[in-house]
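Work through the exercises below with the model open beside you. Try each task before reading its solution.

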Amino acid sequence: MFKNYLKTAFRNIRRNKGFAFINIAGLTVGMAAAMLILLWVQNELSTDRFYKNESRIYIMYNRDKDGQGNKWAWPNTPKILATTLKKDYPEVEDAVRYNNVTFLLTQGEKHLNIQGAFADSGFLNVFDFPLKEGRLQQCLGSVYNIVITDKLAKKIFVNESAIGKTVRIDSTHICTVTAVLKDLPNNTKFDFEYLLPWSYMNKIGWSDSNWQNNSVYTYALLKPGASQAIFDAKVKDITIDHTKGTASPSTTEVFTQPMNRFYLYSKSENGKLTNGPIETVKLFIIIAAFILLIACINFMNLSTARSEKRAKEVGIRKVMGAQRGKLILQFIGESIMFSLAAFLIALFIVEISLKGFNSLVSKELFINFSAPSFWLFALVFVLISGILAGSYPAFFLSAFKPVKVLKGTFKKSEAVVNPRKILVVLQFTFAIILIISTLVVQKQIQHSLDRDAGYNRNNLVYMFGQGDIDKHFIPIKHELLSSGAVTSITRGDNPITRRWGDSWGYTWQGSTKEDEKTDFVRLGTDADFVKTIGVKLLSGRDIDVYNYPTDSTAVLLNETAVKDMRLKEPIGALIKSVGDTVQWHVVGVVKDFILESPFQKDISPMMIFGPGNSGGYVLHLKLNSANSTASNLAKMEKIFKTYNPQYPFEYVFTDESYAKKFADTQRTGKLASLFAGLTIFISCLGLFALAAYAAENRTKEIGVRKVLGASVFTIATLMSKDFLKLVIISFVIASPISWFAMQKWLDNYTYRINIHWWIFVAAGLLSVLIAFITISFHVLKAALANPVKSLRSE
């Protein structure tokens, strides 16, 4: 029986090669698109969820109210929190700290400026990253230990074993390699190429015991059976309790977030972590499901459209005693065979397109063919696709009455509404939703790109003041200006495109107790901040510690800070930090500029301090526009190599750094565009085949109409309108759905567009145009056909 079914299936494929090709092509594209999306989804869902004890690992969070009474939560905590948790809370098995850092690593003639991290000695016991060489026990137990990744080991030691070898850290201390980790997996948010013990941070004086300096990540490994809710209740007031009686008691609460939810649920809403990347993951799961469904709908439509071609087969089989159940199994078996063929081709397409897709999503996705789970997924995927695609045709075809079929009185449905039309409408509804969504996303991205950043990014670079740069800053600055490579320089503690620090607890004349909770972004400068960065000075003057020595305690405010502080005459106003005797005097006010997300409308209040309250870790340099960029950089490199020879000359263009703020949203837009295109392609494949079938079935009708005087235009219109009606109905259904979905998406941005009517008109016209182009070949072919040929048999 199975052999007979198989023969029948192959005969049908040979007899209808064109339709078979379209069926397989549609399923192939749908499966390939769905697999690519599901690979990305699997990677996102597994982020930092592969640790042995992941169900017992928690990241510590802070929660507090800002000056306006809004609750917010953040994961940066005091350095002393981890040791306190281990010492005072019996349910804590271990607590470890983590903080990224960039040092110059030197080994022989190799000098590498690479990002690593400080971590407690138990870090690799809590997070069991795979080990390649060495032993985990006490690998971070000594001050001068270092653990490196395999990637870094190859950079430094090439093919030699790294264990026991030494590396110089920042031209200061020599550390010994105690372990080599395998390269970090692509589904972790940890980012380091080496780990240094926390005791080394203590050694160089970077650690502190300040309960209000929230600057590191703290992770707690709870003992088996420990309750998160009970533990949260215990640690809630830990910071409040340790700051009682101080000049500035804290109101910050502490709570935990499970490590397996840290990445996906990282968005703070009213002090609770409710959403985050999980929203995008859910969106693309829906897209994958609908793309696969649309591909299956193609199969259903084409199978049922050609039902008359197989009606006699069904009738004869029933007369010969075939039961409906067996016929259903036969047709579903055929669809599973189509599904299997499509899956194998789709697998090949996915493999050859993964490199480009990885570049698009900035990941390193791959198919693990050696994993049994993949083959289980493949089996389920093929079966679900085959059953989904073949279910309706199987029940439809198997329901034919043999008497009517064999008498020749079987007629296809001509109802105004039938399942085939509903399926076409469903296809194009989803395609139009994606078209509208893509237009909205692109418009929102462009809206934010066009936003004035508030400063001049052209010819502006920044670099980190490592090594001897701070020591030789004055001669370096003098030579850079004299060389003509730069026109101005400012030294501070923060890149202009990133938020590194903030603080609260400030008082000024007229301030209230609630004002002490106002969180100010902190920047620093020694001089020429306004000139170098290109911000607009609204009143007062710039900080210049070289011409005004008292500017070591000067401060610039932005517009938002002046507004939040309710300062009518800000110039000359005095600001104090609670518990500090230093008074800061306001010398100028600058126009608001974007330091954080360009998608958020509100600008945070900002204080730009003189060097008395800031370091010189970051240099901003304005390149001379009269020279070529290459010439300016060459002169700069020569000067920096003279004063800082051990360190590579590295710099960042501010416009490139600013552009990275759009990367995630642009990636979402590109993915939406890609899958919208694939959805339209699959839908058009089915429409193309249905148009061909309609033209074939109406050959004699068209011939008669032409003999009776119908024009080509009339016939083309007659054949097109049925399909275009369905597309217009799809547009009417898709418009409110896409409007609602995009409004929800835009709610994530406070600096956002309004969804204009023309977006819907453009999407509607585009969908009708695409549909018309798709069917036009068969429509025109039928309309231009010679009626003599179609009526010859009459």
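The exercises that follow concern a predicted model.

**Exercise 1. Find which residues of helix α16 are buried and which are exposed, and say how they are arranged.**

Solution.
- Step 1. Take residues 473–483, which form α16. F473, I476, K477 and L480 are buried here.
- Step 2. Look down the axis. The buried residues of α16 fall within an arc of 100°, so they line one face of the helix.
- Step 3. Recall the helical repeat. An α-helix has 3.6 residues a turn, so residues three or four places apart point the same way.
- Step 4. Turn to the other side of α16. H478 and S482 are exposed there.
- Step 5. Identify the cover. The buried residues of α16 are covered by elements including β16 (486–492), β25 (618–623) and α19 (629–643).
- Step 6. Go just past the helix. G484 takes a positive phi of about 80°.

**Exercise 2. Name the buried residues of helix α3 and the elements they pack against.**

Solution.
- Step 1. In α3 (residues 81–88), the buried residues are L81, A82, T84 and L85.
- Step 2. Their arc around the axis is only 165°, which puts them on the same side of α3.
- Step 3. List the packing partners. Four strands appear in the list by name: β1 (57–65), β3 (77–78), β4 (92–107) and β11 (214–222). Helices α7 (228–235) and α8 (238–242) also pack against the buried residues of α3.

**Exercise 3. Which residues touch the most other members of the largest nonpolar core, and which elements supply this core?**

Solution.
- Step 1. The largest nonpolar core has 50 residues, and F343 and F675 touch the most other members.
- Step 2. The elements giving two or more residues to this core are α2 (17–45), α10 (277–305), α12 (324–361), α13 (372–398), α15 (419–449) and α21 (663–697).
- Step 3. The most comes from α2, with 14 residues.
- Step 4. Follow F675 outward. Beyond its neighbours within four places in sequence, F675 is in contact with A33, I37, F284, I287, I291, F357 and L434.
- Step 5. Set a second core apart. This separate core has 43 residues, among them V441, L523, A554 and Y658.

**Exercise 4. Which residues make the nonpolar surface patch of about 590 Å²?**

Solution.
- Step 1. The patch is made by L376, L379, V380, L383, I384, I387 and L388.
- Step 2. Place one of its residues: L376 is found in helix α13.
- Step 3. Check L376 against the cut-off for exposed, over 50%. Its relative accessibility is 55%, so L376 counts as exposed.

**Exercise 5. Where are Q138 and N270, and what is the sign of phi in each?**

Solution.
- Step 1. Start from the general rule. Most residues other than glycine have a negative phi.
- Step 2. Q138 is not a glycine, yet has a positive phi of about 60°. Q138 lies in the loop between β6 (131–134) and β7 (145–149). At 59% relative accessibility, Q138 counts as exposed.
- Step 3. N270 also has a positive phi, near 55°. Its place is in the loop between β13 (267–269) and β14 (272–275). N270 is exposed, with a relative accessible area of 58%.

**Exercise 6. Is W74 buried or exposed, and what does W74 touch?**

Solution.
- Step 1. Locate W74 in strand β2 (residues 71–74).
- Step 2. Its relative accessibility is 8%, so W74 counts as buried.
- Step 3. Leave out residues up to four places away in sequence. W74 then touches Y61, N62, R63, D64, N214, T252 and W504.
- Step 4. Compare sequence with space for R63. W74 and R63 are 11 residues apart in sequence and 6.7 Å apart in space, C-alpha to C-alpha.

Terms used: Residues are numbered from 1 along each chain as its sequence is written. This is a predicted model: local features need pLDDT of at least 70, side-chain atom pairs count only at pLDDT 80 or more; totals for chains, interfaces and linings use all residues. Side-chain values use heavy atoms; hydrogens and water are left out. Buried means under 20% relative accessible area, exposed over 50%, partly exposed in between (1.4 Å probe, protein chains only). The arc is that of the directions from the helix axis to the C-beta atoms. Contact means heavy atoms within 4.5 Å. A nonpolar core is a set of buried Ala, Val, Leu, Ile, Met, Phe, Trp, Tyr and Cys residues joined through side-chain atoms within 4.5 Å. Patches are made of residues with over 30% relative accessible area and no salt bridge: like charges are joined within 9 Å, nonpolar side chains (Val, Leu, Ile, Met, Phe, Trp, Tyr) within 5 Å. Accessible areas come from the Shrake-Rupley method with a 1.4 Å probe; for residues, only the protein chains shown count as cover. A salt bridge is a side-chain nitrogen of Lys or Arg within 4 Å of a carboxyl oxygen of Asp or Glu.
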